[in-house]
Amino acid sequence: MKNLGILILLLLSFSVKAQQILTLEECYSLVNENYPLTRQTDLLKNKTDLEISVLEKAKLPKVDLNAQTSYQSEVIEFPFELPNSSIEALNKDQYRATLDVNQLIYNGGSIDANSKLKVAELEAQKQMVAVNLYLLKNRINQSYFSVLLLQEQKNLLILKQEQLRSQIDEVKTGVKFGAILPASENVLEAENLKVSQQLSQVNFDRKKAINNLSALINKEISQDVILSKPEFPFLFTGNFSRPELQYFDLQNKQIESSKEVISRSNLPKVYGFAQAGYGNPGLNMLDNSFQDFYMIGLKANWNVFDWGKTKIQKEALSVSQEIVNTEKETFQLNTEMQLKEADYEISKIEALIEADNEIIILREKVLESATSQLKNGVITSSEYLTEFNSLYESMISQKLHEIQLDLAKANYKVLRGENNNK
């Protein structure tokens, strides 16, 4: 017997461990890990790295291989003959092949400014991904608490059915001894079948809700999963911190980087160049033969006057910053309004739950009296069921309000941006 007891304890322990338990915070983490959108962060970084690599290539020497042949109708000729000199006339067909090397020496930091702009764009894009992932928390809340509500409804229906079956057994005893009419047993049995039907419907609805949650977090969830009821000991008030606010700030930084690129684009540019070639004629135009030649030097370019183009471009970017700022202000205003509405909703549901508690206490007293009256044949089973169902309807209403309260608090936390890094 001792060994059998140990075996039973081990089996029960294994059953508890095997049963999947899931929390709301785990769902938040899983959606950040598994949702397809998450992969965009790495893809955006890879894309930016490649684009910056392309920009950096401009600092390397540019090497060109050129070849040209031509025939021209006229060539340079001397209008007179020089004494003791015989200068051949140039050929009208000419040939040239050159290797040209250009090296950027100074461009006013334009390349570095463009690289910084790419980084600023990346940070804004990554934050946009974070915003979209954060908004999924609302969908997780809806799915999670839908499963939790159905879980509570199932537990109440099981409890209701257990009490109903206990009452059926007592009625059967009463019928056997003639204290209760046989029809009373049939009424209770019919109600028992109705509860079984409700349990079946809840099980199907729960399965559908679990599948929706599973698809959202991209992880298989067993149908016997137990969802932990989250605790909300207190809710923060005051300033909120949403990822959207960081996104607006990063947009402004991106615009500032764009202004820097525009400023740098008008600074002087200095290049070193070298050319080596072979052709007819070479650099000596008076030598009518194929020659080797080379040339090295420096060249500079500076767009001194651009007709106010730079100024206009910066003004356009400043307008873009104002647009971003108005979007940020609008977001803050709307969020503050939503927080006030959410706070009112929480207070309203808390008041409903207080009323639910009082109603259940009164319903329990009424049912206790009805149970005694049914045993003594004072009331019919139909009258008993009226009070019995009223109690469980009140209990289900209480559970519904409790889940609604938890959902409202979870949405409130998401709205405020608490733990927005999760």
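This report describes the overall fold, one helix and two surface patches of a predicted model.

## Overall fold

The protein chain has 422 residues, of which 35% count as buried. Its secondary structure comes to eight helices and six strands, and these elements follow one another along the sequence in the pattern α-β-α-α-β-β-α-α-β-α-β-β-α-α.

## The buried side of helix H2

Helix H2 spans residues 24–34, and within this helix Leu-24, Cys-27, Tyr-28, Leu-30 and Val-31 are buried. These residues lie on the same side of H2, because they cover an arc of only 165° around the axis. The background to such an arrangement is that an α-helix has 3.6 residues a turn, so residues three or four places apart point the same way.

## A nonpolar patch before helix H7

On the surface, Trp-302, Val-304, Phe-305 and Trp-307 make a nonpolar patch of about 600 Å². One of these residues, Val-304, belongs to the loop that lies between strand E6 (291–301) and H7. Val-304 counts as exposed because its relative accessibility is 67%, where the cut-off for exposed is over 50%.

## A negative patch with a residue of helix H7

A second surface patch carries negative charge, and here Asp-343, Glu-350, Glu-354 and Glu-358 gather. Among them, Glu-354 is found in helix H7, which covers residues 309–375. With a relative accessibility of 55%, Glu-354 therefore counts as exposed.

Key: Residues numbered from 1 in each chain as written. Predicted model: local features only at pLDDT ≥ 70, side-chain atom pairs only at ≥ 80, totals over all residues. Heavy atoms only, no water. Patch = residues over 30% accessible without salt bridge, like charges linked within 9 Å, V, L, I, M, F, W, Y side chains within 5 Å. Areas by Shrake-Rupley, 256 points an atom, 1.4 Å probe, with all protein chains shown as cover. Salt bridge = Lys/Arg side-chain N within 4 Å of Asp/Glu carboxyl O. Lys, Arg positive; Asp, Glu negative; His and termini not counted. Charge placed at Lys NZ, Arg CZ, Asp CG, Glu CD. Helix = DSSP H or I, 4+ residues; strand = E, 2+ residues; numbered from the N terminus. Buried < 20%, exposed > 50% of the residue type's maximum accessible area, 1.4 Å probe, protein only. Arc of directions from axis to C-beta.
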